[in-house]
Amino acid sequence: MPRTLIRKNPSNFKTLPLFVEATPEGLTYQSVGMPLNFAQTLQRRKPVSVADAERFALELANLGVSVRLTLHWQNRDYWVLVRQRRQDRGDVVLKLISGYVPAHELNIPLHTAIQEIAEECLLETPEGWLGGRFNDTWLPAPYASALHYREALPFRLTPLSGSARPVRCANLQLLERPRAYVHLPTASLQLIYDLRLDVPKEAKNLSLFHVDERLEGDQLVARLDRKRPDLYLMPLQDGEPLPELYTLKKGQLYPAGTRGLYLAESFARQDGWLVRDERIRWKDWLRQQGLTPPKDTGLARLRGKAKQLLKKIVPRKKVNS
């Protein structure tokens, strides 16, 4: 049974609409109007259009933030993706760790991004759940009332190189230089930060889980479902992605099926400052990246199931890829 970790009142969340000005040299956003709750924000997330992908000014519903998180584990790098059923769009996609930026953090969206990692990406060892640090700052432990966090062995977050084009909140330039795009179907400005997560070498038998909040009645509820970890690793080679997906359980990588898989719009093609698509097929994204999908994805799934069965019979060797 899924375990309830926390319940929140969604009316406590407030964000602000934005006015965005874009030129080929950079993008600037600032808040306009009155704070909106979650329901009011969703009502504003309706398609918009602009004539020029590089130069425009328009009002948008909200600011969203995502993290292209590179996890470093056992001397390999992986992008971290999470599975989400998007209630407002009626689909299921793999996406980056992401969330809405609240009104009081519009000028420090990196803070929201770090909190989203703490809330959505959970790292478990037999001795407990790992906390984390960003430089010298401890990440919050949002589920401390329900889960046991280890005081030692924190994972470490560090920023990676950012986008070439600057983004400003009013007159303040965002120093970490996130990639920015306006998502036309939802009238939102999206910022993507590149961060690296280093798992301590002493953290053995690691498992990864995704936890996301869902609106249930009049509450936002976060649950942990061990049968559906919903967090996926895409291996990198020399910084470039490979056409593979895995889940990680007790220190073992298990191949994940990709049939019928969609990726969120942050993987779709960007034109200037604009992204026009809601999502992109996994196969189309691979083709766009010049990657060839493995031909034996069905066989890979069977191998993963066979490994689980063999675990009960004979000891297994670790999968170090």
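**View 1. The largest nonpolar core of the predicted model, with leucine 157 among its best-connected residues.** In this predicted model, the largest nonpolar core has 59 residues, and those with the most contacts inside it are Tyr29, Phe56, Leu69, Ile117, Leu123, Leu157 and Leu189. The largest share of this core comes from strand β5, which contributes six residues. A second core, separate from this one, has 20 residues and includes Tyr232, Leu236, Ala256 and Phe267. Leucine 157 touches Leu69, Ile114, Ile117, Phe134, Leu139 and Leu197, and its contacts also include Arg133, Asn135 and Arg196, when residues up to four places away in sequence are not counted.

**View 2. Helix α3 and the strands against its buried side.** The buried residues of helix α3, which spans residues 282–289, are Trp282, Trp285 and Leu286. Because these residues cover an arc of only 100° around the axis, they lie on the same side of α3. The face turned away from that buried side carries the exposed residues Lys283 and Arg287. Packed against the buried residues of α3 are β6 (76–86), β20 (231–237), β21 (240–241), β24 (262–264) and β26 (279–281). After the helix comes glycine 290, whose phi is positive, near 75°.

**View 3. An open sheet of five strands with mixed pairing.** The strand order in this sheet is β4-β2-β3-β13-β14. Strands β4 (56–60) and β14 (172–173) form the edges, each of them pairing on one side only. Within the sheet, β13 (residues 167–169) and β14 pair in the antiparallel sense over two bridges, and cysteine 169 stands opposite leucine 172 in β14.

**View 4. Strand β15 with its two partners, β16 and β25.** Strand β15, residues 179–183, is mostly covered, in that four of its five residues are buried. With β16 it pairs in the antiparallel sense over five bridges, and alanine 180 stands opposite leucine 191 in β16. These two strands form a hairpin with four residues between them, and alanine 187 in the turn has a positive phi of about 50°. Strand β25 (residues 274–275) runs parallel to β15 and is joined to it by two bridges; here histidine 183 stands opposite valine 275 in β25.

**View 5. The salt bridge between arginine 165 and glutamate 54.** The structure holds 14 salt bridges, and in this one the side chains of arginine 165 and glutamate 54 meet at 2.7 Å, N to O. Arginine 165 lies in the loop between β12 (149–159) and β13, whereas glutamate 54 lies in the loop between α1 (38–44) and β4, so the pair ties together parts that are 111 residues apart in sequence. Arginine 165 counts as partly exposed at 22% relative accessibility, and glutamate 54 is partly exposed as well, with a relative accessible area of 27%.

**View 6. The salt bridge between aspartate 194 and arginine 68.** The closest N and O atoms of aspartate 194 and arginine 68 are 2.8 Å apart. Aspartate 194 belongs to strand β16 (residues 188–198) and arginine 68 to strand β5 (residues 62–73), so this pair ties together parts that are 126 residues apart in sequence. Aspartate 194 is partly exposed at 21% relative accessibility, and arginine 68 is partly exposed with a relative accessible area of 31%.

**View 7. The salt bridge between glutamate 216 and arginine 223, and a salt-bridge network.** Glutamate 216 and arginine 223 form a salt bridge in which the closest N and O atoms are 2.6 Å apart. Glutamate 216 is partly exposed, with a relative accessible area of 32%, and arginine 223 is partly exposed at 28% relative accessibility. In addition, salt bridges that share partners join Lys8, Glu119 and Glu213 into one network.

**View 8. Leucine 16, a buried loop residue, and its contacts.** Leucine 16 lies in the loop between β1 (3–8) and β2 (18–23). Its relative accessibility is 12%, and because buried means under 20%, leucine 16 counts as buried. Leaving aside residues up to four places away in sequence, leucine 16 touches Ser31, Val32, Gly33, Met34 and Pro35, together with Ala61, Asn62, Ala103 and Leu106. Methionine 234 is 218 residues away from leucine 16 in sequence, and the two are 34 Å apart in space, C-alpha to C-alpha.

Methods
Residues numbered from 1 in each chain as written. Predicted model: local features only at pLDDT ≥ 70, side-chain atom pairs only at ≥ 80, totals over all residues. Heavy atoms only, no water. Pairing = 2+ DSSP bridges. Buried < 20%, exposed > 50% of the residue type's maximum accessible area, 1.4 Å probe, protein only. Arc of directions from axis to C-beta. Contact = heavy atoms within 4.5 Å. Salt bridge = Lys/Arg side-chain N within 4 Å of Asp/Glu carboxyl O. Core = buried A, V, L, I, M, F, W, Y, C linked by side-chain atoms within 4.5 Å.
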